[in-house]
Amino acid sequence: MMMNTNSSSKYYFDEVAANRAVAFIERHVTHVKGELSGKPFILEEWQKEQIIKPLFGYKNRKTDVRRYNTAYIEIPRKNGKSNLCAAIALYLLFADGEKGAEVYSAAGDRAQAGIVFDLARQMCLNDKVISNNCKIFKNSVVHEKSGSFYKAISADASTKHGFNASGIIFDELHVQPNRDLWDTLTTSTGARKQPLTIAITTAGYDKNSICWEVHEYAVKVQKGIIKDEGFLTCIYAADEDDDFTKVSTWKKANPGFGTIVKKEYLAKEAEKAQKIVSYENTFRRLHLNQWTTNETKWLSDQQWMTCDLNEIKEEDFVGRECYAGLDLASVRDVTALVLIFPSEDRVDVIPYFFAPRDNAFIRSRRDGIDYLGWEKKGLMELTDGDVTDYNFVKAKVKELAEKFVVKSIAYDRWNSSQLVIDLLAEGLPMAPFGQGFVSMSAPTKELERLVLAKQLNHGGNEVLRWMCSNLQMRLDPAGNIKMDKGKSKEKIDGMVSLAMALGRMMNPDDKSGPSVYEESNITFI
């Protein structure tokens with residue numbers, strides 16, 4: 001744990017003020033969910049001694065105002081940060097002595113901002129003293145006696161100018177898309193005598209974000225590299241070289257270990273991270289509070305090749321139902337069509353690959369990519385010229401549709417072509433499929449599960465194996481994953497097609513295509 005509460009001759013610790021904040025929370029704030037619902041919120045020792053007391057106890061000797069005007073609290077998930085935020089917000093509204101106080105819960109979107117506010121609102125309803133001294137509305141709590149209010153805000157920062165914030169609780173700063181809302185709110189506190197801004201968040205992965213900027217600033221303040229006596233740093237995290245499977249690491253990162261966050265829960269999550277490779281970064285970030293990248297590890301070649309279960313022959317699947325994914329890459333490169341045949345105990349995979357012969361010759365000579373060898377083995381179809389002959393691809397799709405019962409063919413709506421139009425005209429079951437986190441995460445995770453459970457049979461296809469080895473994953477703040485063509489070191493079209501086919505198998509009745517939110521690159525959390 002990293003924090004800075006060093007005193008100096010300019011400041012003193014007011015034990016009465018510190019205890020007053022603790023007493024308000026423990027007397028008037030309740031839990032609102034779970035087995036403790038309705039019971040008093042008794043602060044844990046770390047919450048009391050390392051956050052509440054330092055924030056409200058340290059004061060300037062000359063002015064008697066609070067020392068800290070900003071706090072950066074970085075803490076793993078499930079350690080009760082939302083309850084703590086709500087309690088602080090209510091203290092700032094009712095007991096801080098600020099006339100005309102404006103207290104805000106802020107976050108990257110309305111739903112996230114509402115989490116803390118909704119908890120605080122219910123806390124107000126649970127306490128007679130508080131509820132008798134305020135008006136509680138759906139979107140605000142008003143303390144008329146002092147002319148103060150508390151509400152949640154988010155969305156466009158341009159609408160927040162003109163505010164005069166006295167207290168800001170900025171929840172999950174790591175998901176904030178840019179610095180606009182942070183800058184707008186923090187600069188609105190200038191007219192206040194002792195404003196308080198609290199950024200409380202789990203670690204993120206984007207090191208070009210406002211959260212990483214504040215994180216780095218907080219670390220430098222804690223280390224004394226930057227002198228900012230009004231900034232409180234409180235970071236709970238495992239070190240980079242700590243073993244994520246050990247209980248000692250979980251304890252180190254989670255101050256609420258054993259009380260708020262249960263050992264059994266973390267053990268289950270750590271086990272999942274060991275079994276599902278792509279979940280390791282998620283576990284490290286959310287439960288050990290380690291900043292990771294948005295590129296995640298995925299399956300090793302050894303794991304992938306455990307699914308070379310049986311030789312796959314087309315004739316064995318004639319008349320069988322299947323789902324397909326069609327990834328139409330650049331006309332000068334590989335197009336992939338992957339069929340999957342589900343049965344009770346496994347999913348069999350038959351992939352088809354197409355590329356222009358001229359480009360295949362160049363790549364085989366220049367890059368050592370064995371397109372020509374794969375053609376000789378019947379693993380890739382090379383069409384004459386320097387662009388893929390989509391008429392050839394169309395004919396192949398029609399041929400397969402006559403041989404198998406093709407239930408659905410998923411394709412990327414935003415990279416489709418005349419080929420898709422022609423196939424639709426031929427009556428083939430074409431289905432648009434989004435390429436963002438919303439559409440791709442579930443089938444990609446299902447693919448990983450099938451591989452690890454040895455319930456996928458790819459027959460050792462060399463091209464698909466090569467594409468799997470090239471794969472890089474991207475992670476969003478909510479733990480969703482998708483295959484990243486931009487970051488992958490080589491072609492992955494077959495793997496993308498495989499995931500799309502699984503997506504259609506998992507949701508055969510979904511005819512909506514990608515949502516407008518996914519197409520707008522909005523991340524759900």
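Contact means heavy atoms within 4.5 Å. This is a predicted model: local features need pLDDT of at least 70, side-chain atom pairs count only at pLDDT 80 or more, and totals for chains, interfaces and linings use all residues. Residues are numbered from 1 along each chain as its sequence is written, and side-chain values use heavy atoms, with hydrogens and water left out.

**Exercise 1. Find the contacts of Phe56, then place Phe56 in its core.**

Step 1. Skip residues up to four places away in sequence. Phe56 then touches Ala17, Ala18, Ala21, Arg66, Ile88, Tyr91, Leu92, Asp96 and Leu196.

Step 2. Look for the nonpolar core (a set of buried Ala, Val, Leu, Ile, Met, Phe, Trp, Tyr and Cys residues joined through side-chain atoms within 4.5 Å). Buried means under 20% relative accessible area, exposed over 50%, partly exposed in between (1.4 Å probe, protein chains only). The largest core has 49 residues, and Phe56 is among those that touch the most other members.

Step 3. Find the main contributor. Helices (H or I, at least four residues) and strands (E, at least two) are DSSP runs, numbered from the N terminus. Helix 3 gives the most to this core, with 11 residues.

**Exercise 2. Show how strand 5 is enclosed and paired.**

Step 1. Check burial. Five of the five residues of strand 5 (residues 102–106) are buried, so the rest of the structure largely encloses this strand.

Step 2. Check both faces. Glu102, Tyr104 and Ala106 are buried on one side, Val103 and Ser105 on the other.

Step 3. Find the partners. Two strands pair if DSSP finds at least two bridges between them. Strand 5 pairs with strand 8 (residues 148–153) in the parallel sense, over five bridges. Here Val103 has Tyr150 as its bridge partner. Four bridges join strand 5 to strand 9 (residues 167–171), also running parallel. There Ser105 is partnered by Ile169.

**Exercise 3. Explain the two sides of helix 12.**

Step 1. List the buried residues. In helix 12 (residues 357–366) they are Asn359, Ala360, Arg363 and Ser364.

Step 2. Look down the axis. The buried residues fall within an arc of 135° (taken from the directions from the helix axis to the C-beta atoms), so they line one face of helix 12.

Step 3. Recall the rule. An α-helix has 3.6 residues a turn, so residues three or four places apart point the same way.

Step 4. Turn to the face away from the buried side. Arg365 and Arg366 are exposed there.

Step 5. Name what the buried residues pack against. These elements are strand 15 (347–356), helix 13 (371–376) and strand 16 (381–383).
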